[in-house]
Amino acid sequence: MKTYEIISKFEGEEYFTFLECMKSVSDEFSLTVRDSFEHNVEESKLLNRLTRFLIQEKRTNFWPGTELCSDTARVFKYRTTEDSINSLFIVRSPWELIDPEFPEDLAFYKKGSVIFESISHENLAFLKMSQELIIQFEKYAPLVKIIGA
């Protein structure tokens with residue numbers, strides 16, 4: 001497993017092709033809602049849309065890419081399906097997924113292991129993939145520019 005940083009703008013068509021790729025390479029994804037924030041209608045709408053795909057809801061102080069010192073959040077883990085991923089097209093970039101407007105820090109998993117993590121408020125995203133998976137990723141999402149970390 002190697003870590004790759006996403007260095008492109010990661011918005012619009014880049015983000016959309018990334019989501020299409022994740023439909024075929026991941027089996028789960030997660031979004032996070034901080035306990036200390038007031039939440040708005042759009043965030044609630046997205047969470048409601050995803051309810052039928054919910055695998056787990058967990059209150060914690062850490063999730064892929066983030067560890068909090070004195071706060072907690074709810075991490076929602078969902079099944080990756082055509083319909084669940086289509087719900088993520090509500091934004092044009094993972095950087096728009098920032099609490100309290102939307103759940104934040106989109107992450108994708110394959111067989112329980114993180115293969116993508118984002119830190120929305122810092123505009124950071126990383127792929128954690130085998131050589132075989134990164135070749136598949138580059139084939140399906142050629143617009144997304146990455147560098148090996």
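What follows is a tour of the structure, moving from the whole chain to the sheet and then to the helices beside it.

Begin with the whole protein chain in cartoon view, bearing in mind that this is a predicted model. The chain holds four helices and ten strands, and if you trace it along the sequence you will meet them in the pattern β-α-β-α-β-β-β-β-α-β-β-β-α-β. Its radius of gyration is 14 Å, close to the 15 Å that the globule rule gives for 149 residues, so the chain is as compact as a globular protein of that length. Along the principal axes the C-alpha trace spans about 40 × 30 × 30 Å, and 49% of the 149 residues are buried. If you switch on a surface, the accessible area comes to about 7400 Å², with 49% of it belonging to carbon and sulfur atoms. Among contacts with a separation of 6 or more, 72% are between residues 24 or more positions apart.

Next, select the strands of the open sheet, eight in number, which lie in the order β3-β6-β2-β7-β8-β9-β1-β10 with antiparallel pairing. At the edges stand β3 (54-60) and β10 (146-148), and because each has a single partner strand, one side of each is left without a neighbour in the sheet. Looking from strand to strand, you will find a twist that averages 20°.

Now select residues 113-119 and 124-129, which are β8 and β9; these strands run antiparallel and are joined by four bridges. Show Phe116 as sticks, and then its bridge partner in β9, which is Leu127. Keep Leu127 on screen and add Tyr4, which stands opposite Leu127; here β1 is joined to β9 by four bridges, again in the antiparallel sense. Which residue of β10 stands opposite Glu5? Selecting Ile147 gives the answer, since Ile147 is the residue of β10 found opposite Glu5, and the two strands β1 and β10 pair in the antiparallel sense over three bridges.

Turn finally to two helices that accompany the sheet. Select residues 41-50 for helix α2, which packs on the sheet and touches β2 (28-34), β3 and β6 (73-79), its direction making about 145° with that of β2. Then select residues 131-140 for helix α4, which lies across β1 (2-6), β7 (104-110), β8, β9 and β10 and runs at about 125° to β9. With both helices displayed, the strand β3 that α2 touches and the strand β10 that α4 lies across can be recognised as the edge strands of the sheet.

Terms used
Residues are numbered from 1 along each chain as its sequence is written. This is a predicted model: local features need pLDDT of at least 70, side-chain atom pairs count only at pLDDT 80 or more; totals for chains, interfaces and linings use all residues. Side-chain values use heavy atoms; hydrogens and water are left out. Two strands pair if DSSP finds at least two bridges between them. Axes are lines fitted to C-alpha atoms, for helices over the stretch in contact, and angles run from 0 to 180 degrees between N-to-C directions. Contact means heavy atoms within 4.5 Å. The radius of gyration is taken over C-alpha atoms; the globule rule is 2.2 Å times the number of residues to the power 0.38. Buried means under 20% relative accessible area, exposed over 50%, partly exposed in between (1.4 Å probe, protein chains only). Accessible areas come from the Shrake-Rupley method with a 1.4 Å probe; for residues, only the protein chains shown count as cover.
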